[in-house]
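Biologist: I'm new to reading structures, and I'd like a close look at one part here: the cysteines. Could you walk me through them, and then show me what sits around them?

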Amino acid sequence: MADRNQRNQTAVTEFILLGFGDVPELKILLFLMFLAIYMATMFGNMLITALVVADQHLHSPMYFFLGNLSCLETCYTSTILPRMLASLLTGDKTVSFSGCITQLYFFCALAATECCLLAAMSYDRYLAICKPLHYSTLMNTRFCLQLAAGSWLNGCLVTDIFVLFMSQLIFCGPNEIDHFYCDLIPLIKLSCGDSHLIILLNFILSCIFTLPAFLLTLMSYVCIIATILRIPSTTGRQKAFTTCSSHLIVVTIFYGTLMIVYILPKHETLSLLNKVLSLCYTVLTPLVNPLVYSLRNREVKEALSKAVSKYVAFTKTGRES
């Protein structure tokens with residue numbers, strides 16, 4: 001009898017991602033839209049990463065963190081969108097238990113890393129605007145490397161601990177996840193065992209590893225805005241705000257939608273709203289990042305113009321030879 005119960009508890013080996021429904025016309029539209037978004041996101045972030053590495057004028061702390069963020073966004077969007085595109089194209093919504101846990105791991109690790117990177121970038125802007133005379137001394141190469149490495153290690157460490165506990169959960173049905181990826185809360189709800197410990201662990205790890213990053217980001221921008229408002233000239237205020245406004249846009253979209261999704265009551269009527277808001281921090285933020293930074297930043301535009309000119313000259317030389 002005990003053996004039979006154990007077999008029943010471990011019967012679920014795959015999950016079904018319900019996504020956005022089963023309307024054929026909607027599937028085609030969503031596939032084309034997400035494919036365009038994915039291609040634009042990959043191209044934009046890979047382009048920024050390449051420019052930051054190749055152009056000497058972009059070898060500064062701000063662009064070093066931007067290169068890290070673009071690299072992270074490339075990985076981040078690749079964790080969600082390829083699986084979603086395959087599901088929309090083939091109609092296959094199943095994902096194995098190991099595949100679901102793997103997607104959850106990379107999503108959580110990269111999301112936690114992004115929290116830390118955004119905090120590091122906000123601290124960099126705080127020093128540049130509020131402590132300009134000490135900026136080059138405080139934000140040196142060694143400190144930049146430590147902040148970036150710490151961000152990546154922090155994201156991996158918190159997720160290693162959490163996913164280790166998640167992988168021990170028992171799933172015995174149902175196996176339908178009402179989302180377009182293996183999200184944390186919907187997956188925990190499908191567990192047959194007591195999930196109070198894993199929910200408590202999630203809360204504790206979030207407080208320890210991500211809450212400080214959020215508070216540092218918030219405090220940095222409070223200080224930045226206060227400093228900008230004290231600048232006497234209108235031109236000076238506009239110039240100072242321009243240097244951090246693009247970062248503020250990315251931070252607002254990422255943290256705003258993330259917090260709303262996990263604070264909203266988990267009612268069935270709000271499931272569609274949760275999915276739409278989830279698209280903001282899983283799909284929109286990686287897309288907006290290169291657009292905002294490249295379109296609003298003169299140095300990035302100049303680096304791109306130089307790269308295009310070199311490519312055209314190289315192509316022309318190759319044809320002539």
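Modeller: Sure! Keep in mind that this is a predicted model. It holds two disulfides, so let's take each in turn, using the cut-off that a disulfide needs two cysteine sulfur atoms within 2.5 Å.

Start with C100 and C182, which are joined with an S to S distance of 2.0 Å. Find C100 in helix 4, residues 97-130, and then look for C182 in the loop between strand 3 (176-177) and helix 7 (184-189); the pair therefore ties together parts that are 82 residues apart in sequence. The link of C100 and C182 is left-handed, with -125 degrees about the S-S bond. If you check the surroundings, C100 and C182 are both buried.

Now slide along to C172 and C192, whose sulfur atoms are 1.8 Å apart in a disulfide. C172 is in the loop between helix 6 (141-166) and strand 3, while C192 is in the loop between helix 7 and helix 8 (196-209), so this pair ties together parts that are 20 residues apart in sequence. The link of C172 and C192 is left-handed, at -125 degrees about the S-S bond. C172 counts as partly exposed because its relative accessibility is 32%, and C192 is partly exposed with a relative accessible area of 32%. Count the bonded cysteines along the chain and you get the pattern 1-3, 2-4.

What about C108 and C280? The closest cysteine sulfur to that of C108 is in C182, but 11 Å is too far for a bond. C108 is buried, with a relative accessible area of 18%. For C280, the closest cysteine sulfur is in C115, and at 16 Å that is too far for a bond. C280 counts as buried because its relative accessibility is 18%.

Since helix 4 has come up already, let's stay with it. D124 has its place in helix 4, and D124 is buried, with a relative accessible area of 1%. Leaving out residues up to four places away in sequence, D124 touches P61, M62, F65, Y135 and M139.

Helix 4 also takes part in ring pairs. The count of aromatic pairs comes to 15. One of them is F15 with F97, a tilted pair at 6.2 Å centre to centre and 40 degrees between the planes. F15 lies in strand 1 (residues 14-17) and F97 in helix 4, so the pair ties together parts that are 82 residues apart in sequence. F15 is buried at 0% relative accessible area, whereas F97 is partly exposed at 24%. F107 and Y281 form a tilted pair because their ring centres are 6.4 Å apart and their planes are at 35 degrees. Here F107 in helix 4 is linked to Y281 in helix 11 (residues 271-295), 174 residues apart. F107 counts as buried at 4% relative accessibility, and Y281 counts as buried at 0%. Those two belong to a cluster linked by ring pairs, with F20, F34, Y76, F180 and Y181 among the others.

Finally, go out to the surface by helix 6 and helix 8, which each supply at least two residues of a nonpolar patch. Its members are L157, I161, L164, F165, L197, L200, F203, I204 and I208, with about 870 Å² of accessible area together. Helix 8 gives the largest share, five residues. L164 lies in helix 6, and L164 counts as exposed because its relative accessibility is 53%.

Terms used
Residues are numbered from 1 along each chain as its sequence is written. This is a predicted model: local features need pLDDT of at least 70, side-chain atom pairs count only at pLDDT 80 or more; totals for chains, interfaces and linings use all residues. Side-chain values use heavy atoms; hydrogens and water are left out. Helices (H or I, at least four residues) and strands (E, at least two) are DSSP runs, numbered from the N terminus. Buried means under 20% relative accessible area, exposed over 50%, partly exposed in between (1.4 Å probe, protein chains only). Patches are made of residues with over 30% relative accessible area and no salt bridge: like charges are joined within 9 Å, nonpolar side chains (Val, Leu, Ile, Met, Phe, Trp, Tyr) within 5 Å. Accessible areas come from the Shrake-Rupley method with a 1.4 Å probe; for residues, only the protein chains shown count as cover. A salt bridge is a side-chain nitrogen of Lys or Arg within 4 Å of a carboxyl oxygen of Asp or Glu. Contact means heavy atoms within 4.5 Å. Rings of Phe, Tyr and Trp (its six-membered ring) pair if their centres lie within 6.5 Å; planes under 30 degrees apart count as stacked, over 60 as edge-to-face and the rest as tilted.
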